[in-house]
Amino acid sequence: MRLLRRMTSFLGRIPLLNAAVALIGLLLGLIFMVTPLEAEQQAWLALGGFLVFLIVNRFPGRAPSFFLVALSSMISLRYLYWRVTETLGYSGYIATFLGTGLLLAEVYAILALLLSYFQQAWPLERKPVPLPPDTEDWPVVDIFIPSYNEPLEVVKPSVFGAMSMDWPRDKMNIYVLDDGRREDFRAFCEEVGCGYMIRPDNKGAKAGNINHALGKTNGEYVAIFDCDHVPVRAFLQLTIGWMLRDREIGMLQTPHHFYSPDPFERNLASGTRIPNEGLLFYGLVQQGNDLWNATFFCGSCAVLRRTALEEVGGVPTQTVTEDCHCSLKMQRLGWRTAYLRLPLAAGLATDRLLAHIGQRMRWARGMIQILRVDNPLFGRGLNLAQRLCYLNAQWHFLFPLPRVVFLTSPLAFLLFGENIIAASPLAIVAYAGPHVVHSVVTNSRLQGKVRHSFWSEIYETVLALYLLPVVMTTLLDPTKGKFNVTDKGGTLQDGYFDIRAVGPNLVLGGALVLGLMSGIYGMVANPPSSLQFQANALNAVWVLLSLVTVLAGLAVGRERRQIRERHRVAARVPVAVVLADGRRLEGESIDLSLGGAALTVARPEVLPEGMVSLEFDIGTEFVPVPAETLRWQGNRLQVRFAPRGLLDEGNIVRVVLGRADAWLHWDDVRADRPLRAMLEVVLSVGGLFRGNSQLSLRARRARRKERAAQARAGRAPLAQPASSLGEAPAADAATAPPAPTARGGRRAAASAGSAGRGAARGRGAQGSRASPGTAARAAAAAPTGHRRPGAGGSPAGGASPRPCQPGRAGRASHGARAARGAAAAGRRHAGPGRPFRRPAAV
């Protein structure tokens, strides 16, 4: 391999050699694509192409990957050329209509494949850069946390995480932008010392909320977090460096990581063994965009330069995906965008399939709106690579119609006798087989660490029938539709089968079953040597694959019971358990949540009663958290956190979600193996009919017996679970989240007045400022985490240490040092973290 690299380097220095090689390659590829072959000859060519793949795939590196991408592209284009030139001899109007639809779907799929190869073949590995050594040179950052109807318990961790970031106190201003105008939010912000801002109306939804805040603040940079995204303490230290080094960067995006499972991970039997659905985009696609200076703004976990944001007129409000549209407008004006593949914040995933579908409907509508009102292929300011990257994002959301066509095409022959590909079954297999196989295995090589084979088909199948009318109506009228907030958080006392989320696919599955039965009958009724047998066999296999995909999508609709209010996070953090009698037991956490923890601690002979104090070692300090012991079996201790106030709640967030190294293993998943991935898809289908599934006959019999036994005992029968293909069961009143209120029905919560500057007091649109008395009370109750010896230091500016500072400057942050190893870049950081602090009152 070393010799090969040297030869490549030498040849690359020869003038015009690369251009000559590229031209020869294009000519050979063109000859390969258009050479006609009989079906048997094409089958031998397909076998030879697969053997070439097996040999080249054994070599690591980008050069073999580029070769395999080129091979897959040529094979797919050869298939498309064959389809256009030799398979369009239709025998009637219906066959012509259906066959043309299938051909257009295949054209769409092959173009999407080529665009994805272009976007993903060479991801850019951007590393953090150091900040200036003098904190006086660090800029002022305004931090926006927009909210509308989310519960306060969802928003609190985001505020605590933002206030705990390591950044000089006088250079960080935090604002909750409350479009719900809720008094409990105002009171919370006043108590913790966070800025609170409202506006007189809700025009423009989230984009309008941010634009209003831009007019009331003046920080050089703006960091935006969705109200369920909790930043780690080193977020600003690891992102602002690039903004200072390259003054042409208008926006830097970081990944959206979710510490709770999405519906696919939670409901499918194989869900925990596959990468999260968003990992493909944040783990590979955005890096590919970054290479071409086409990184998208994703609405949260990003830093924007105020001058760039103001130059484009603020966040656009013409579409419901205002974030992507904003970065597109920036780049049309010459601003650069960047992507840092380090998870520096974490949030809640959609926890119900119906909510997940609703979120994707908004994304699809917004991307098609951009395609219609600000098409990246036209207009000034973008180079060709940027246009292709943005086009691919919007092109992807046209998938619903092609996906439905691929799923239902075999039914044209099996149920209606229409032949929509005018070719023999052997020729179809010989030409289409290599196209499908090479696209699967080549994508497995490129995407294997972020997306397993065949799962994209399941994701699209779940969404296709719901997104289809949205996409079509938006193509016709891009002004329709409005921004909607995705519900997150909550519990589910009983599992149920959500017919609302999978009803259309249930009907589609029934049609595919009928088609499969027709294919089996056609094979039985015709001799194996006949074309009728071969045609029925080919379409039966096709419809079986479609049926498996649809059944896997139906399995996602089996909502599982979720009684845990706080999601656990695997984490190894040193901890000391301080008992009531003063004994101190050293141990380590197994997993953490905002509600409690599982610890490995030696069990004492005399068990403690009541409360204990946990001191978590996060590097430069011990963070105290009061807790209640639940059980102590062997060396495993389970505790429930017992916060006595906002101070303890903030410290819990810092320990669980705010550590800079909390999410370094976000992409630690098994590499893809296509055959194993196919088996896991089949196993997920099996989960639809076993266990506690409402489609499981054994489970249904058990529930009937239990209700009968209760009736005989004279007790009230169990409530019928909502499966019976109906609505979800009502959540327990104590745990159910408050019902959202309509936008127009909320009243303004504050009167006009001035607002203070800084993290201590945000500017309210109607003037909301915490009283000095509140600030004094909070300062008196400030936390006093135990400092490690030698971990002191004066805050920026030389002032005496104040318990209300959000961060201190002068020494290296332990959390940032932990992230340093993963980032592989040297950098200087502001000072050691502190227990949860509130800013000083203005």
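What joins the side chains of Arg 360 and Gln 359? In this predicted model, the two side chains are joined by a polar contact of 2.2 Å. Arg 360 is part of helix α14, which covers residues 353-373. With a relative accessible area of 10%, Arg 360 is buried, because anything under 20% counts as buried. Leaving aside residues up to four places away in sequence, Arg 360 touches Glu 277, Phe 397, Leu 463 and Leu 467.

A helix residue can also be exposed, and Phe 97 is an example: its relative accessible area is 63%. Phe 97 is found in helix α5, residues 93-120. In sequence, Phe 97 and Ile 420 are 323 residues apart, yet their C-alpha atoms are 8.6 Å apart in space.

Next comes a sheet. Seven strands form an open sheet in the order β3-β2-β1-β4-β8-β6-β9, and the pairing is mixed. At the edges are β3 (195-197) and β9 (336-339), each of which pairs on one side only. From one strand to the next, the twist averages 25°. Helix α8 packs on this sheet and touches β1, β2 (172-178), β3 and β4. The direction of α8 makes about 145° with that of β1. Strands of a sheet pair through backbone hydrogen bonds, and the pairing is either parallel or antiparallel. Strands β1 (residues 141-147) and β4 (residues 221-224) run parallel and are joined by four bridges. Within this pair, Ile 143 stands opposite Ala 223 of β4.

Helix α8 itself spans residues 205-214, and Ala 205 belongs to it. Phi of Ala 205 is near 50°, a positive value in a residue other than glycine. Asn 293 also has a positive phi without being glycine, near 55°. Asn 293 sits in the loop between α11 (279-291) and β8 (302-305). Ala 205 is buried at a relative accessible area of 9%, and Asn 293 is buried at 15%.

Which residues have the most contacts inside the largest nonpolar core? They are Ile 143, Leu 236, Leu 614 and Phe 641, in a core of 83 residues. Ile 143 was met above, opposite Ala 223 in β4. Leu 236 touches both Ile 143 and Ala 223, and also Val 141, Met 165, Trp 167 and Met 172, not counting residues up to four places away in sequence. A second, separate core has 54 residues, including Leu 398, Phe 399, Ile 458 and Ala 552. In soluble globular proteins, nonpolar side chains tend to be buried together.

Another group of strands centres on β16 for this account. Strand β16 (residues 596-601) is largely enclosed by the rest of the structure, because five of its six residues are buried. A hairpin of three residues joins β15 to β16. Strand β15 (residues 584-592) and β16 run antiparallel, with five bridges between them. One of the pairings puts Asp 591 opposite Ala 598 of β16 as its bridge partner. Strand β16 also pairs with β19 (residues 636-641), again in the antiparallel sense and over five bridges. In that pairing, Thr 600 stands opposite Arg 636 of β19.

Charged side chains provide further links. The count of salt bridges comes to 28. One of them joins Asp 179 and Arg 199, at 2.7 Å from N to O. Asp 179 lies in the loop between β2 and α7 (183-192) and Arg 199 in the loop between β3 and α8, so their pair ties together parts that are 20 residues apart in sequence. Asp 179 is buried, with a relative accessible area of 1%, and Arg 199 is buried at 3%.

A salt bridge can also lie within one helix. Arg 186 and Glu 183 are both in helix α7, three residues apart, which is about one turn of the helix. Their closest N and O atoms are 3.8 Å apart. Arg 186 is buried at 9% relative accessibility, whereas Glu 183 is partly exposed at 40%.

The salt bridge between Arg 273 and Glu 680 has its closest N and O atoms 3.6 Å apart. Since Arg 273 lies in the loop between α10 (263-267) and α11 and Glu 680 in helix α22 (residues 674-686), this pair ties together parts that are 407 residues apart in sequence. Arg 273 is partly exposed at 35% relative accessibility, while Glu 680 is buried at 5%. Finally, salt bridges that share partners join Asp 142, Arg 306 and Glu 310 into one network.

Notes
Residues are numbered from 1 along each chain as its sequence is written. This is a predicted model: local features need pLDDT of at least 70, side-chain atom pairs count only at pLDDT 80 or more; totals for chains, interfaces and linings use all residues. Side-chain values use heavy atoms; hydrogens and water are left out. Helices (H or I, at least four residues) and strands (E, at least two) are DSSP runs, numbered from the N terminus. Buried means under 20% relative accessible area, exposed over 50%, partly exposed in between (1.4 Å probe, protein chains only). A polar contact is a pair of N or O atoms within 3.5 Å; within protein, one must be able to donate a hydrogen and the other to accept it, and residues adjacent in sequence count only if both atoms are side-chain atoms. Contact means heavy atoms within 4.5 Å. Two strands pair if DSSP finds at least two bridges between them. Axes are lines fitted to C-alpha atoms, for helices over the stretch in contact, and angles run from 0 to 180 degrees between N-to-C directions. A nonpolar core is a set of buried Ala, Val, Leu, Ile, Met, Phe, Trp, Tyr and Cys residues joined through side-chain atoms within 4.5 Å. A salt bridge is a side-chain nitrogen of Lys or Arg within 4 Å of a carboxyl oxygen of Asp or Glu.
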